[in-house]
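Colleague: I have a model open and want to learn how to read it. Can we take the enclosed spaces, the pockets and a few backbone angles in turn?

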Amino acid sequence: MKVAIVGASGAVGQEFLRVLDEQNFPIDELLLFGSSRSAGRSYTFRGKEYIVKELTRDSASDFADVDFAFTSAGAGTSKEYADVITSGKAIMIDNSSAFRMDSDVPLVVPEVNGEDAFNAPRRIIANPNCTTIQMVVALKPINDISPISRVHVATYQAASGAGAAAMDELVEQYSQIARGEKPTVEKFAYQLAYNIIPHIDVFTENDYTKEEMKMFNETRKIMHAPEISVSAMCVRVPVMRAHSEAIWIETEKPVSPAQAREAFSKAEGIVVLDNPAEKIYPMPLDIAHKDPVYVGRIRQDLANPNGLSFWVVGDQIKKGAALNAVQIAQYMIAHAK
């Protein structure tokens with residue numbers, strides 16, 4: 001198996017290396033690519049040193065025999081070099097927003113719609129937005145009991161969603177404030193330390209942000225359910241790398257908390273932490289660096305007889321990005337036709 005990582009020096013690129021190793025992904029040959037700034041850097045993988053190559057229009061020969069190319073270098077790079085990356089036989093699993101809503105590019109979360117990965121005429125598969133991934137993993141087992149008609153979600157998103165530099169900025173802000181200095185604000189709209197910011201990505205004409213509209217559109221595509229309505233409020237919080245979500249759903253027929261808890265406990269990729277009496281529920285502090293999506297606070301929605309409410313936490317860099325992409329490749333290998 002020949003594998004390439006594009007954007008190898010970024011936070012998600014580095015996570016790809018860790019996840020591929022943790023998952024025992026079969027790799028005979030590994031190629032690392034990046035921008036001119038990161039070209040020449042070296043990284044160790046399974047005891048061997050690899051040098052980052054600059055991705056250019058002349059890189060097609062490098063991808064000739066690549067089986068899977070994991071890309072996380074931004075939408076602009078993905079669009080510019082997709083034809084180069086897929087010029088051979090490679091399946092490009094892209095972590096950017098470049099192709100997510102293209103009708104001929106599947107948008108895949110393996111626990112929900114893994115089979116869609118085999119319908120990729122352009123040999124491009126899109127990795128959904130991090131907030132969408134962990135939400136649809138939790139929605140799937142409930143939707144299997146009774147179709148979901150409506151979703152309200154408030155997200156509590158970690159600094160990692162804005163990149164490695166944003167994580168560094170959050171740490172530095174706390175240090176600067178402790179020293180009595182004015183905190184540096186470059187990666188966020190406002191100071192994030194000791195604050196929350198109800199604004200992620202740019203605002204659209206309907207006053208929802210692009211991040212919120214991603215949850216609306218991507219959920220429908222992944223779940224093959226154009227009738228599902230999703231209303232999101234996406235909020236940045238001073239947490240390092242695990243996203244949390246408070247979710248309210250309405251189903252066609254009532255689903256009891258006990259039914260939901262049983263369905264969650266049997267679902268692939270979910271761990272239930274739900275014992276209010278013992279103060280057991282998922283928290284980002286505990287979930288960082290872990291693979292599954294964690295669900296707790298499962299209860300009846302008091303405002304809706306057909307409603308449920310629950311709390312979902314997942315590591316943004318792992319399941320929200322690198323791990324989901326690797327799991328797509330694993331699914332394709334396991335279910336090769």
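Modeller: Start with the largest cavity. This is a predicted model. Helix H4 (130-145), strand E13 (307-315) and helix H9 each give at least two residues to the lining of the largest cavity.

Colleague: Which element gives the largest share of that lining?

Modeller: H4 does, with 3 residues. The full lining is Cys130, Ile133, Gln134, Val293, Gly314, Asp315, Lys319 and Gly320. By class that makes 3 nonpolar, 3 polar and 2 charged residues.

Colleague: How many cavities of 30 Å³ or more are there?

Modeller: The count is 1. The largest cavity holds about 30 Å³ of space. A cavity differs from a pocket in that the probe fits but cannot get out, whereas a pocket is open.

Colleague: Now the pockets. How much space lies in the largest pocket?

Modeller: About 1,000 Å³. Its lining has 41 residues, and the closest to the centre are Val12, Ser72, Ala73, Gly74 and Gly163. The elements that supply two or more lining residues are H1 (11-22), H2 (75-85), H5 (164-178), H6 (210-222) and H9 (318-334). H2 has the largest share, 3 residues.

Colleague: How do the lining residues of the largest pocket divide by class?

Modeller: Into 15 nonpolar, 19 polar and 7 charged.

Colleague: What lines the second largest pocket?

Modeller: Two stretches stand out when you read along the list. Ser97, Ala98, Phe99, Arg100, Met101 and Asp102 are among the lining residues. Thr204, Lys210, Met213, Lys214, Asn217 and Glu218 are in the lining as well. The second largest pocket holds about 170 Å³. Its lining divides into 4 nonpolar, 3 polar and 5 charged residues.

Colleague: H1 came up in the largest pocket. How do I read a helix like that?

Modeller: Check the span, then the buried face. H1 has 12 residues and reaches 16 Å from first C-alpha to last, close to the 16 Å expected. Its buried residues are Val12, Gly13, Gln14, Glu15, Phe16, Leu17, Val19 and Leu20. Buried here means under 20% relative accessible area.

Colleague: What do the buried residues of H1 pack against?

Modeller: Four strands and a helix: E1 (2-6), E2 (29-34), E3 (42-45), E5 (68-71) and H9.

Colleague: And the backbone angles? What should I look for?

Modeller: Look at the sign of phi. Most residues other than glycine have a negative phi. Asn24 has a positive one, near 55°. Asn24 comes just after H1, in the loop between H1 and E2.

Colleague: Is Asn24 buried or exposed, and why?

Modeller: Asn24 counts as exposed because its relative accessibility is 63%, and the cut-off is over 50%.

Colleague: Where is Lys279, and what is its phi?

Modeller: Lys279 sits in the loop between strand E11 (270-272) and helix H8 (284-287). Its phi is positive too, near 60°. Lys279 is exposed, because its relative accessible area is 67%.

Colleague: One last loop residue. What does Thr184 touch?

Modeller: Thr184 touches Glu169, Gln173 and Gln176, leaving aside residues up to four places away in sequence. Thr184 lies in the loop between H5 and H6. With a relative accessible area of 29%, Thr184 is partly exposed.

Colleague: How far apart are Thr184 and Arg241?

Modeller: Give both separations. They are 57 residues apart in sequence and 20 Å apart in space, C-alpha to C-alpha.

Terms used: Residues numbered from 1 in each chain as written. Predicted model: local features only at pLDDT ≥ 70, side-chain atom pairs only at ≥ 80, totals over all residues. Heavy atoms only, no water. 1 Å grid on protein atoms, 1.4 Å probe; cavity = no way out; pocket = protein on both sides within 12 Å on 5 of 7 lines; lining within 4 Å. Points joined across faces, edges and corners; volume = space filled by probe spheres on them. Nonpolar A, V, L, I, M, F, W, Y, C, P; charged D, E, K, R; others polar. Expected span 1.5 Å × (residues − 1). Buried < 20%, exposed > 50% of the residue type's maximum accessible area, 1.4 Å probe, protein only. Contact = heavy atoms within 4.5 Å.
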